[in-house]
Amino acid sequence: MKLNKDFLWGGAVAANQCEGAYLEDGKGLSPMDILPTVQLGRKEAMYHPELALEKDYGYYPSHGAIDFYHRYKEDLELMEELGIKAFRTSISWARIFPDGEGEPNEAGLQFYDSLFDECKKRHMEPVVTICHFDTPLALTKKYGGWGNRALIDRYLNYCRVLFKRYGKKVKYWITFNEINMITHIPFFGGGMVIKEDENVSQIVYQAAHHQLVASALAVKMAHECDEGLMVGCMLAAGSFYPYSCNPEDVWEAVEKNQDSYLFIDVQARGKYPSYAQRIWKEKNVTLNMKDGDEEILRCNPVDYIAFSYYSSRLAGVSPDINGKVADGNAIYTLRNPHLDITPWGRQIDPMGLRITMNDLYDRYQKPLFIVENGLGATDKIEADGSINDDYRIEYTRNHIKAMKAAMEDGVICLGYLAWSCIDLVSAGTGEMDKRYGFIYVDRDNDGNGTLERMKKKSFYWYQRVIESNGEKM
Ligand code: BG6
């Protein structure tokens, strides 16, 4: 099928994984700034942030990252050469409000003014995530993160500043990155430090409710600011398959999908699904809703469904599963014997993208937007300076084919944004050597390297894909 000429081909990054300059021009700390690489204990620190708040790990990858803060002009020039039409990034909340609240920091605002101007100059539509795993650390320390309802007002104050300042430059907004992650990685998702003796589910579902209310009010605010603004939710997607046709396995997959759909059901349909009651009951959660919350959710659904897709997932309870698991991007999944797997344990399943897109579109009947898809891999620089990342080309080609197949099935999709157009710090492991980009950045896991940018083979391949609007792959 032929794609519309305004299909948004592009790439995606996040502030805390690429900008660096972690304290420059008045920026405050974000959760990522206190997490080391996986080799130095990142996983432990992600799940026990109380350690990260006290311990000195010596090296922190986000502090310098790929220095996008100082090199964004040169990087966007390369992306213009790549031909991208949409560039997704996030705004660092702590750059605009170093303490998460109070008065905005003009230097931070000016940085994003210049960044979005540069995007426009280079004919790229910015797609902006308001909060990408980076609720300011000051709000963790003062309020305990999103478990506290006070965060709604802090977030809305931040949104007010953003929509007013950038509403004429940015059309596409995303309220929270991968909102369903909050129940899996509460420190990333909601800036929360949960003690071992606390009821984790009670805290995370209450925090999620606060984010859902905040998200709905942000949609309202954006539309009041300019009715042409498009505001989306964002799901860490990847449908669960049942391990077998054993009805117990099928039901397990239904439940696991509902765990994630719960969030998007609220954001897209305007109310909690009926199965939410079962989930809360099973987890001993009593949700505290204020008068008016239900109306806020009902009246302000999102305009589109953005999602990341790296892989499908697998669920079941059959006795022969044998404890074999894979990396479901922070969401627990079984190992699917039919799929290849990367050295980081992530399964590769292009057909799963078609299935996921059909699932989401059938359910919500709103335009979809793929805002993250890509392969984390080790790249080798050859003696002649070339980087022959055929594995990345193959992964991306197969996923774009699957996306097109879903569109032939009738799914409406606004665009495809590759994660990430340029190498950056991995969120899950803090490594640089888990590379996703079409553009290589000379920096290693320990922070060594010149930061020089180099085009990989996939750069030229993706350039042709965009030039031909997805015809030449
Ligand atoms: C998504 C996140 O979950 O996956 C990104 O939105 C992240 O921030 C991406 O980088 C890839 O995961 P990872 O852990 O390999 O960086």
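Here are a few notes on this predicted model, meant to be read with the structure open beside you.

1. Start with Glu372. The UniProt record, an unreviewed entry, puts an "active site" feature at this residue. In the model, Glu372 sits in strand 13, which runs over residues 368-372. Is Glu372 buried or exposed? Glu372 has 26 other C-beta atoms within 10 Å, and the cut-off for buried is 20 or more, so Glu372 counts as buried.

2. Now look at who surrounds that strand. Leaving aside residues up to four places away in sequence, Glu372 touches Ala12, Ser308, Leu417 and Trp419. With the same kind of neighbours left out, Val371 touches Ala12, Arg88, Val127, Ile174, Met234, Ala306, Phe307, Ser308 and Leu417.

3. Val371 also turns up in the largest nonpolar core, which has 138 residues. Val371 is listed there among those with the most contacts inside the core, along with Leu235, Ile305, Phe307, Leu368, Ile370 and Met403. Helix 11 (residues 200-225) gives the largest share of this core, 13 residues. There's a second, separate core of six residues too, including Phe240, Tyr241, Tyr243 and Leu314.

4. Helix 7 (residues 106-121) is a nice one to practise on. Its 16 residues reach 22 Å from the first C-alpha to the last, close to the 22 Å expected at 1.5 Å a residue. Which residues of helix 7 are buried? They are Gly108, Phe111, Tyr112, Leu115, Phe116 and Cys119. These cover an arc of only 120° around the axis, so they lie on the same side of helix 7. The spacing idea is worth remembering: an α-helix has 3.6 residues a turn, so residues three or four places apart point the same way.

5. Stay with helix 7 and check both faces. The buried residues pack against helix 5 (68-82), strand 2 (86-90), helix 6 (93-96), strand 3 (125-129) and helix 9 (150-166). Turned away from that buried side are the exposed residues Glu106, Gln110, Ser114, Asp117, Lys120 and Lys121. Just after the helix, His123 takes a positive phi of about 60°.

6. Compare helix 12 (residues 247-269). This helix has 23 residues, yet its end C-alpha atoms are only 28 Å apart, short of the 33 Å a straight helix would reach at 1.5 Å a residue. Where is the kink in helix 12 centred? Look at Tyr261, where the kink is about 40°. Tyr261 is buried, and so are several others in helix 12, including Asp249, Lys256, Phe263 and Ala268. Just past the end of helix 12, Gly270 has a positive phi of about 85°.

Terms used. Residues are numbered from 1 along each chain as its sequence is written. This is a predicted model: local features need pLDDT of at least 70, side-chain atom pairs count only at pLDDT 80 or more; totals for chains, interfaces and linings use all residues. UniProt positions are given in the numbering used here, feature names are shortened, and annotations may be inferred rather than shown by experiment. Helices (H or I, at least four residues) and strands (E, at least two) are DSSP runs, numbered from the N terminus. A residue is buried if 20 or more other C-beta atoms lie within 10 Å of its own, exposed if 12 or fewer, and partly exposed in between; C-beta atoms are placed from the backbone. Two residues are in contact if their C-beta atoms, placed from the backbone, lie within 7 Å. The expected span of a helix is 1.5 Å times one less than its number of residues. The bend at a residue is the angle between axes fitted to the seven residues ending there and the seven starting there. The arc is that of the directions from the helix axis to the C-beta atoms. A nonpolar core is a set of buried Ala, Val, Leu, Ile, Met, Phe, Trp, Tyr and Cys residues joined through C-beta atoms within 7 Å.
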